[in-house]
Amino acid sequence: MTTDESMMRLALAEARLALAEGEAPIGAVLAKGGRVVCAARNTRETRKTALGHAEINAISAGCALLGGWRLDGCTLYVTLEPCPMCAGAILSARVERVVFGAYDEKAGCLGSLIDLSKVGFPHTPRLRGGVLAAESAALLGEFFSALREKEAAP
């Protein structure tokens with residue numbers, strides 16, 4: 001198993017915790033030098049904030065732990081392609097590399113809908129998508145299927 005796959009498995013574990021908490025199952029791991037700096041998951045529902053995305057939580061914790069806003073030399077592993085807010089935070093924090101699982105055709109901003117890393121910002125992270133994508137997509141499918149059933153119930 002590659003480092004990317006093992007780190008993505010940790011992100012998937014965070015996604016499963018999010019699912020158990022009633023959150024969209026998205027997990028993230030921030031690593032530097034092959035070592036985990038922190039892990040995070042979606043907390044939008046539990047914290048009642050639009051900013052509670054796994055990537056934002058990981059970036060915030062990583063900055064605090066590493067003592068600065070620049071995440072040079074860090075790789076962010078996330079189970080779903082980042083949205084515009086998260087892609088912007090990734091660019092602003094100067095994350096060196098982003099590895100994500102499932103592509104997000106509706107809101108993905110590192111390749112699917114648009115690629116914000118290619119529009120001329122001063123920092124451009126290296127990207128790798130599709131790592132353990134089927135597992136990431138299956139968790140999301142499980143969550144949204146249960147949500148639809150709940151909404152359809154009388």
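1. Helix 5 gives the most to the lining of the largest pocket, contributing 7 residues. This is a predicted model, so please read everything below in that light. The pocket itself has a volume of about 570 Å³. Of its 26 lining residues, A24, I26, L140, F143 and F144 are the closest to the centre. Two elements give two or more residues to this lining, namely helix 2 (44-47) and helix 5. By character, the lining residues divide into 13 nonpolar, 4 polar and 9 charged.

2. Staying with helix 5, which covers residues 133-152, have a look at S136, which lies in it. Is S136 buried or exposed? S136 has a relative accessible area of 1%, so it is buried. Setting aside residues up to four places away in sequence, S136 touches L12, T79, G101 and A102.

3. Just ahead of that helix, the loop between strand 5 and helix 5 holds L132. L132 is not a glycine, yet its phi is positive, at about 55 degrees. That is worth a second glance, because most residues other than glycine have a negative phi. L132 has 18% relative accessibility and therefore counts as buried, the cut-off being under 20%.

4. Now to the sheet, a good place to get your bearings. It is an open sheet of 5 strands in the order 2-1-3-4-5, and the pairing is mixed. Which strands stand at the edges? They are strand 2 (35-41) and strand 5 (126-128); each has a single partner strand, so one side of each is left without a neighbour in the sheet. From one strand to the next, the twist averages 15 degrees.

5. The mixed pairing can be followed strand by strand. Strand 1 (residues 27-32) pairs with strand 2 in the antiparallel sense, over 6 bridges. Within this pairing, A28 has A40 of strand 2 as its bridge partner. Strand 3 and strand 4, on the other hand, run parallel and are joined by 5 bridges. There, T75 stands opposite R97 in strand 4.

6. How many residues of strand 4 are buried? The count is 6 of the 6, so strand 4 is largely enclosed by the rest of the structure.

7. Helix 1 (residues 3-20) lies across strand 1, strand 2, strand 3, strand 4 and strand 5. Its direction is at about 50 degrees to strand 3. A handy residue to click on in helix 1 is M7. With a relative accessible area of 5%, M7 is buried. Not counting residues up to four places away in sequence, M7 touches V29, A31, G34, R35, V36 and Y77. One of these, G34, is 27 residues from M7 along the chain, with 8.9 Å between their C-alpha atoms.

8. V36, another residue in the list of M7 contacts, is found in strand 2. V36 counts as partly exposed because its relative accessibility is 43%. Leaving aside neighbours within four places in sequence, V36 is in contact with M7, L10, V29, L30 and A31. V36 can also be set beside C74: the two are 38 residues apart in sequence, and 9.6 Å apart in space from C-alpha to C-alpha.

9. Helix 4 (residues 84-93) deserves a visit too. Which of its residues are buried? C86, A87, A89, I90, L91 and A93 are. What covers the buried residues of helix 4 includes helix 3 (54-66), strand 3 (74-80) and strand 4 (97-102).

10. Helix 4 is followed by R94, which lies in the loop between helix 4 and strand 4. What is the sign of phi at R94? Phi of R94 is positive, near 60 degrees, in a residue other than glycine. R94 has 32% relative accessibility, so it counts as partly exposed.

Definitions and conventions. Residues are numbered from 1 along each chain as its sequence is written. This is a predicted model: local features need pLDDT of at least 70, side-chain atom pairs count only at pLDDT 80 or more; totals for chains, interfaces and linings use all residues. Side-chain values use heavy atoms; hydrogens and water are left out. Helices (H or I, at least four residues) and strands (E, at least two) are DSSP runs, numbered from the N terminus. Buried means under 20% relative accessible area, exposed over 50%, partly exposed in between (1.4 Å probe, protein chains only). Contact means heavy atoms within 4.5 Å. On a 1 Å grid over the protein atoms alone, a cavity is a set of points where a 1.4 Å probe fits but cannot get out, and a pocket is an open set with protein on both sides within 12 Å along at least five of seven lines; lining residues have an atom within 4 Å of a point. Grid points are joined across faces, edges and corners, and a volume is the space filled by probe spheres set on the points. Ala, Val, Leu, Ile, Met, Phe, Trp, Tyr, Cys and Pro count as nonpolar, Asp, Glu, Lys and Arg as charged, and the others, Gly among them, as polar. Two strands pair if DSSP finds at least two bridges between them. Axes are lines fitted to C-alpha atoms, for helices over the stretch in contact, and angles run from 0 to 180 degrees between N-to-C directions.
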